[in-house]
Structures are given as structure tokens and as C-alpha cells.
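Here are some exercises to work through with the model open next to you. Try each task before you read its solution.

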Amino acid sequence: MRKFVIGLIPLLLLSACATRDPVIKGQPSRELSTPYTLKTGGFVPPLQRGVTVQHAELWFNFDFERKVLYGTSELTLDSQRKKRTISVDLDTRFKVEQVWINDQPVPSGNVKNPDGQLLITPQNAVAFPLKLKIQYFGRPRTPVNAPWDGGVMWQQTPQGEPWLATAVQGEGCDLFWPCIDQPAGEPQQLDLHITVPKNLVAASNGSLQKVTQLENAHTFHWHSDAPTNTYGVALNIAPYETLSMDFDSRFGNRYPVTYYYLPEPGSSTDNAETPAADTDENARDLFAELPQMLRFFEHYIGPYPFSKDKVGIVQTPHLGMEHQSINAYGNNYKKDAYGFDWLLQHELAHEWFGNQLTNTSWDHMWLHEGLGTYMQPLYAQYLHGDVAYYAYLNKIRSQLHNRYPIVSGMVKAEEEVYDEDKGPGLDLYYKGAWVMHTLRYLIGDEAFFGAVTELVYGRPDPRPGNFTPRYANTKDFIELVNRHSGSNMNWFFDTYLYTAKLPELVTQRTSTALTLEWDTTAKSQFVMPLQISINGEIQTLSMTRKTTLSVTPDDVVIIDPHSLVLRQQPRFEELKAYKARSGQP
Ligand SMILES: [Zn+2]
């Protein structure tokens, strides 16, 4: 078993540590992150409007015993106009030691951080682009329930070694590095230098440039030329082992695929004196799933967006998160009837829907989660056919809430869409996936996948090297669907996205007739065609108005026999009410 005295190492690495020590030992002046820090997205502070992050170079050291992070960040910022005050976001839990603008130190009196919005006022107004360097340290927020609650997790492996992970989707990048905590704050280029004890591996975004050996530690240098989603920047540190391969893409390029995992106790890599016991089988099985998943995404959507970096998966102490090219996986290798790891597949989907395509505001988060979730039934169909596809869709259908519209039409912060009491919450995922299923039925595979591909890449013919990550929103998607389908589908989106309540099919059956009519609260008429099976014979009704069919009491009538149309259905409400009554989850 490998054990190291790790708490001392940052002290040896950082000369200034002795003077920092008393501050850390005492109670930090602010234990809690401010409401400003905990919010991500939404209203953009005036000082940050129009400011872009061209490059973020981040250096990290840690004191694992005392849970202290030491950071230095150099941000290259650009803006059209000179500014008297420069602002980025950083949690007030950190003490800012020194700030430089273009390598010139800024007097400490000119640096303020009253609430998490760091305000730097140099002597004179400054022109852009400029280099803003910030040296800081402190105890970052630790999450109570990651990844839904964000921060830096200081966990331990079963063998008692450090296992650090960051997950900040809900609260934003400012929980551990200075950034512009908005979807538009993506650094266009990223370098990370992460110094850890020699028994630990630091896995992060982009591609590994080099590992520099120091006396008692080593520094991992990661780099990416791709714009990186702000909450996708992640640190993962543990005594990781790796599984690696090169994947040959259908687009003719080849890229590395790596899984950073923890060897299980008693495995051959854990103790060289024990005969090789194959206890890393779980890790190898999971890793073996990746080539097929990549083939699936490249077939339906397009090229893997970060092939210059890697496909990276890392085992984490939390469930999972779509960290760009270093996807977090913490599903404990659970198996289900669909024959693939749903969480691995879901997080991998976000490389396309979230990291390559990023929403312009959190109000459009359904594009990440709805498409990201639809990929699981679609993959079940790709692997096993229709029973798996429809079973998956039926499973998630019972979890719809329909309390808030999926899209509000307003600029939103993250919690205003994910929090069930404030916005659509889980409907982003499950209702979003069902909207995709119904849309695909309505416009057909060619138009549906054509629109999705163009949404993701901004062009219909993506090839490695002819696209970069992009921003898009719901309006862009609707325009693409209208163009690819050759028809105006606004009525569809009015009902499913901008209206909370699902359309209801009002039916009345007498001894001689069946009457059907759509009832919606949406502003435009809902003209969803509907299949109906009478004694096994299927016909499609246009349903542009109230429709009456002749039926006898003995006729076997099945409405929407192929479950194509998302609509209000009492069976799901009854199940939900029963579960609530009986206390079932
Ligand atoms: Zn997701």
C-alpha cells in the first residue's frame, strides 16, 4: 500500500507558505460563499459585459490535509473599450495575495472583493487585450451533495489516499478559479499546471503536454486550443491508473481515448506482491464500451469535437459531470437491462450537447439535457432495437412534471432552470428527450438529424478541422427544424417548450362513435397528426379539427399505437399520485 505524507508538500513548493499559515490556521473571515458566487449565469454585471477570455493559464497547488487550494491564474482578457475597473468573479473564501496587470503589480488597496465580484482598479484606465494575473489561496467551498451542489471534494480512496474532484456546474467556475461566470465566459485557450505529490495523478482538460518532476512532487501541464465550457474546467487528482487506446474515426482521423480509474483493492496494480487478481475487470468493461459509443455519436451527430485533445473519462467520488474532454464518471459500474452504462453515455453525449454546442443562456439548457438524455433511448435502439428504445422512453415518461415551461424566453441563472421549485428541473431531461422523440416522428430522421447536426456544428457537413465549439439557442434550433423539415413547426415548439401543460387528447366514446380533439393552452393551434389502430388497422388522422370515427363497443381501439406523440396521459399521473401516497420514490 502506498502512503505519503502529503500535507507537507505544498509548504515545500511554495516559499510564501510560512507567512500564509496563520491566516489558514485561524477561522477564515468568510466561511460561506456569497449569493453572488453561488449564482452562475443570469444577469451579466456591467463591468463584465463585452469582456472575453482569450486565454486562461491556471496553476494549482494543494494542501490536502488542511484542504487548502493555492492558485495563480493568468487571464488574457479582451474588450472593445478601455476600462477603469476590471472585473472577474472569485469566491470571497479565497484571499487574494497579489494582482498584476500586464506584469505590473496592482497595489493591494486597488483590489477589492466585497461579494465575489473581484474589482481591480489600476491607476489609469487600461486598454485591451491585457493580462490579468491573480495569486490567491484559501479553503474552497466543499459540496454537501456533489455534483448537484458544487465545490472542491477532498475525498479519500479506500486505501486512504487523496481523491480530489471539482464539480461546479450549479455555482460556477468562480468556486476555484477567477473567471467570468457566464456561459459566454469560455476561455478560448486553456493551460493548466497542477502540482501534486508523486504518488498522485492530476487528470484534466485537453491534452497532457508534459509532467515536470520536482523534488517531492510533479506538475501536470494540460493544454487545449478549444474554447472550454466554464463549468467544464475540472481538476481530478488521485492515484489513478489508466486505460488507453487510439480510436479510428469514420471521418478518417485517429484520437486518443483514456480512462483514469482507481485500481480496486487487491488488484495487480495495487500490490505487486500479490498474484494478479483481475479485480479491475469493471474498469476494463467500462472502457470497452467507449468505441461503440463513439461510433454511435459519430454516426448520428458528427465528429467527436475534441479529437485534438482526447476522449477522457475519469472516475470521480460524485455521480458524473460533463467536464470537457475529462468526463466525470461515478456510477460504480452499475448494470441495467439496456446493456450499456447510461451515465457514461449521457456524460459523453454532452461533449456534443453542452461542450461543442453551448447554450447562450441557461434558459436554453434543455438543448444540453434534452438532447443529452434522448441519446440513451436512441443508443438502446441502435444496440438492441425497438423494445429497448420504447422501454427506455416509457421509463422516463413517468417522471415528467409539466409545472414550468422548458423554455421561459428570459435570461436565466442555472438554479432558475435546474431547481424544481423555480423552473423545469428534471423536465429539461425527460420531457426534453420526449420532445425530441416526438419531433423525430413528425419530421423524419433525415430532417431531424440534419437539424441537430447543424445545430451542434453550425454547418451541415462537419469534418475534423472545419468547426470549433459554438453558442446556439432554442430559436436557432427552431429555425433549423423549420428549414430542414420544409414546414413551419412553431406550433409544435409553442406547445412543448413554451407551455408547461402537455397537450391533452380529449376523447369521447359512445356505442357508435369515437370523437377526438386536441386541447392545449398554447397560443397557437396544435395540429399534431395522430395514428389510431382499430382492430389492428392503422390510419393517420390529421387532427387539425375535432375528428369523429365510427366504432362499435367490440372494436379494439388503440390511440397512438406506436407511442409517438407526447401528450397528457392519466396513467402517468395516477402512478405519480400513487407513489406520492405510498411514499415511493
Ligand atoms: Zn446531463
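A donor here is an N, O or S atom within 2.8 Å of the metal (3.2 Å for Na, K and Ca), and water is not among the atoms, so sites may look incomplete. One thing to keep in mind: this is a predicted model, where local features need pLDDT of at least 70, side-chain atom pairs count only at pLDDT 80 or more, and totals for chains, interfaces and linings use all residues. Residues are numbered from 1 along each chain as its sequence is written, and side-chain values use heavy atoms, with hydrogens and water left out.

**Exercise 1. The zinc site**

Task: find which residues coordinate the zinc ion, and work out their spacing.

Solution. Step 1: look around the metal, and you'll find His346 (NE2), His350 (NE2) and Glu369 (OE) at 2.0 to 2.1 Å.
Step 2: read the donors along the chain, which gives H-x3-H-x18-E.
Step 3: place two of them on the fold. Histidine 346 sits in helix H5 (residues 342–349) and glutamate 369 in helix H6, so to speak distant parts of the chain, 23 residues apart. Helices are DSSP runs of H or I with at least four residues, strands are runs of E with at least two, and both are numbered from the N terminus.
Step 4: check burial. Histidine 346 and glutamate 369 are both buried; that label means under 20% relative accessible area, with exposed over 50% and partly exposed in between (1.4 Å probe, protein chains only).

**Exercise 2. Two helices crossing**

Task: describe how H6 and H9 pack, and what kinds of residues make the contact.

Solution. Step 1: get the geometry. H6 (residues 366–384) and H9 (residues 430–457) meet at about 85°, with axes 9 Å apart. The axes are lines fitted to C-alpha atoms, for helices over the stretch in contact, and angles run from 0 to 180 degrees between N-to-C directions.
Step 2: name the arrangement. That angle makes H6 roughly perpendicular to H9, since 65 to 115 degrees counts as roughly perpendicular, under 35 as roughly parallel, over 145 as roughly antiparallel and the rest as oblique.
Step 3: pick out the contact residues (heavy atoms within 4.5 Å). Among them are Trp366, Leu371 and Tyr374 of H6, and Met436, Arg440 and Phe448 of H9.
Step 4: sort by class, and you get 13 nonpolar, five polar and one charged. Ala, Val, Leu, Ile, Met, Phe, Trp, Tyr, Cys and Pro count as nonpolar, Asp, Glu, Lys and Arg as charged, and the others, Gly among them, as polar.

**Exercise 3. Salt bridges**

Task: say how many salt bridges a search of the whole structure finds, then take a look at two pairs.

Solution. Step 1: the search turns up eleven, a salt bridge being a side-chain nitrogen of Lys or Arg within 4 Å of a carboxyl oxygen of Asp or Glu.
Step 2: try glutamate 420 and arginine 403, whose side chains meet at 3.5 Å, N to O. Glutamate 420 is in the loop between helix H8 (414–418) and H9, and arginine 403 in the loop between helix H7 (386–397) and H8, so the pair ties together parts 17 residues apart in sequence. Glutamate 420 is partly exposed at 22% relative accessibility, and arginine 403 is partly exposed at 49%.
Step 3: now aspartate 445 and arginine 440, with closest N and O atoms 2.8 Å apart. Aspartate 445 is partly exposed at 38%, whereas arginine 440 is buried at 11%.
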